[in-house]
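The following paragraphs lead through one protein model, from its contacts to its nonpolar cores. Please keep the sequence and the structure in view while reading.

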Amino acid sequence: RQLRYREAGCDNLWQYQRRVDANEGATILMIDELAVLSRIEDGEKRKYAMNLLASIAQLGRAGGLIWVVGMQHPLADDLPTKIRNQLMTRIVMAVADAKAAEVAGIPGAQWQPMQGGMLLKHGGEITAGRGVYLSG
């Protein structure tokens, strides 16, 4: 994909969509419970997994890779800085304490209401919101 973009004189998916093919779609990678990977007991395997994910995030963005990471109750060690820094948008529900809010990258998140309170952070901007639980 990256080679095709370069051959078309484009740096990334979004340029390619504007110049060549508006129907070129992004690739979405969903990782639920990333914390499980960060708790691999073998230190070398854990380091390899985290480095691989960080590289995929860094290099994939230009190729149109959008990744969605889900975690509940992350600890500071669960989400290494090199991965956390690649997350452009964060949606944070209620968290237990100030340390958890720091890990999420949204100071003050610990004061949200427990049922439906959420903060969305994109770039440096934080927007408060409220969600609802629906049952079907």
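Of the contacts (heavy atoms within 4.5 Å) between residues at least 6 apart in sequence, 47% join residues at least 24 apart. The model is predicted, with local features requiring pLDDT of at least 70 and side-chain atom pairs pLDDT 80 or more, while totals for chains, interfaces and linings use all residues. Residues are numbered from 1 along each chain as its sequence is written, and side-chain values rest on heavy atoms, without hydrogens and water.

Six helices and five strands make up the secondary structure; these are DSSP runs, H or I of at least four residues for helices and E of at least two for strands, numbered from the N terminus. Their order from the N terminus is α-α-β-α-α-β-α-β-α-β-β. The C-alpha trace spans about 50 × 40 × 35 Å along its principal axes.

Of the 136 residues, 32% are buried, that is, under 20% relative accessible area with a 1.4 Å probe, counting protein chains only. In soluble globular proteins, nonpolar side chains tend to be buried together. Here the largest nonpolar core (buried Ala, Val, Leu, Ile, Met, Phe, Trp, Tyr and Cys residues joined through side-chain atoms within 4.5 Å) has 10 residues, including Ile-31, Trp-67 and Leu-87. Helix α4, residues 43-60, gives the most to this core, with four residues. Met-50, another member of the core, touches Leu-34, Leu-37, Ser-38, Pro-80, Lys-82 and Ile-83, leaving aside residues up to four places away in sequence. A second, separate core has eight residues, among them Val-92, Ala-101, Ala-104 and Leu-119.

Methods. Buried means under 20% relative accessible area, exposed over 50%, partly exposed in between (1.4 Å probe, protein chains only).
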